[in-house]
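User: I have a model on the screen and want to learn how to read it. Can you take me through its features step by step?

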Amino acid sequence: MTEDVIIIGAGASGLMIAGRLAEKGLNVLVLEADSRTGGRIHTVQDPSFPAPLERGAEFVHGHLPVTLGLLDEAGIKYEEDTDVTLQINNGKWNNSEEFIDGWDLVMEKMAGLKTDLS
C-alpha cells in the first residue's frame, strides 16, 4: 500500500484528521510511539476509586459543539461534571469543600465571564 499521508501521533488531533482524510478516499498511515492511541485522553476505571480517573485531559471546558460531536461520532462516553472534588487525606478519600483556599471566589469570577478563556 502506498500512503498518501503519514500522520505522526495518534492523539485526538491525529486521529481526527486521519479520519477526515480517509473519508476523502486518501490512504492514511498513523504512527504512534505509545502502546495505545488517544494521546492525552486516557480515562482509567479503577475499582479502588469512586469515579473514573483521568490520566490526561481531564475535562472539556465550556460547550464545544465540534468536540462533543466528535465524541458522539466516535462513540466515546462522556458525562457532565458532578462538581465534586475529591482528595486523599491520611489514606482516606475526602470531598472537602475547602479543597483549595479561595476556590469559591475563582468559580464565582469564572461564572461571570462573557466568553470562554484558557
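Analyst: Start with terms. Helices and strands here are DSSP runs, numbered from the N terminus. The model is predicted. With that in hand, place A33: A33 sits in the loop between β2 (28–31) and β3 (43–44).

User: Is A33 buried or exposed?

Analyst: Exposed means over 50% relative accessible area. A33 has 86% relative accessibility, so A33 counts as exposed. Look also at the fold around A33. A33 and I8 are 25 residues apart along the chain, and their C-alpha atoms are separated by 8.7 Å.

User: How many helices and strands does the protein have?

Analyst: The protein has 3 helices and 6 strands. Along the sequence, the pattern reads β-α-β-β-β-α-β-β-α.

User: Where is confidence lowest, and where is it highest?

Analyst: Begin with the overall figure. The mean pLDDT is 82, and 89% of the residues reach 70 or more. Then go element by element. Strand β5 (residues 87–89) has the lowest confidence, with a mean of 75. β1 has the highest, at 97. A general caution applies: where pLDDT is low, the predicted coordinates should not be read in detail.

User: What share of the 118 residues counts as buried?

Analyst: The cut-off for buried is under 20% relative accessible area. Of the 118 residues, 12% count as buried. The protein exposes about 9,900 Å², and carbon and sulfur atoms supply 54% of that area. For contacts, take pairs at least 6 apart in sequence: 31% of these join residues at least 24 apart.

User: Now a helix. What span should the 12 residues of α1 have?

Analyst: Count the rise per residue. At 1.5 Å a residue, helix α1 (residues 12–23) should span 16 Å. The end C-alpha atoms of α1 are 17 Å apart, which agrees.

User: Which residues of α1 are buried?

Analyst: They are G14, A18 and L21. Look down the axis of α1: these buried residues fall within an arc of 70°, so they line one face of the helix. The face turned away from the buried side carries the exposed residues S13 and E23. Next, ask about the cover. The cover over the buried residues of α1 includes β1 (5–8) and β2.

User: What follows α1?

Analyst: G25 follows α1, and its phi is positive, near 95°.

User: Show me one residue from the strand side. What is V5 in contact with?

Analyst: First the location: V5 lies in strand β1. V5 has 23% relative accessibility, so V5 counts as partly exposed. Set aside neighbours within four places in sequence. V5 is then in contact with L21, L26, N27, V28 and L29. Take L21 from that list. V5 and L21 are 16 residues apart in sequence, and 8.4 Å apart in space, C-alpha to C-alpha.

User: How many salt bridges are there?

Analyst: The rule needs a side-chain nitrogen of Lys or Arg within 4 Å of a carboxyl oxygen of Asp or Glu. By that rule the count comes to 2 salt bridges. R20 pairs with E23, with the closest N and O atoms 3.6 Å apart. Both lie in helix α1, 3 residues apart, about one turn of the helix.

User: And the salt bridge between E73 and R20: which parts does the pair tie together?

Analyst: E73 forms a salt bridge with R20, and the closest N and O atoms are 3.2 Å apart. E73 lies in helix α2 (residues 65–74) and R20 in helix α1, so this pair ties together parts that are 53 residues apart in sequence. Salt bridges with shared partners join R20, E23 and E73 into one network.

User: How accessible are R20, E23 and E73?

Analyst: Check each against the cut-offs. R20 is partly exposed, with a relative accessible area of 30%. E23 is exposed, at 57%. E73 counts as exposed, at 53% relative accessibility.

User: One last residue. Is V44 buried or exposed?

Analyst: V44 is buried, with a relative accessible area of 17%. V44 is found in strand β3. Beyond its neighbours within four places in sequence, V44 is in contact with P52, L53 and R55. V44 and G56 are 12 residues apart in sequence and 9.9 Å apart in space, C-alpha to C-alpha.

Conventions. Residues numbered from 1 in each chain as written. Predicted model: local features only at pLDDT ≥ 70, side-chain atom pairs only at ≥ 80, totals over all residues. Heavy atoms only, no water. Helix = DSSP H or I, 4+ residues; strand = E, 2+ residues; numbered from the N terminus. Buried < 20%, exposed > 50% of the residue type's maximum accessible area, 1.4 Å probe, protein only. Expected span 1.5 Å × (residues − 1). Arc of directions from axis to C-beta. Contact = heavy atoms within 4.5 Å. pLDDT = per-residue confidence, 0-100. Areas by Shrake-Rupley, 256 points an atom, 1.4 Å probe, with all protein chains shown as cover.
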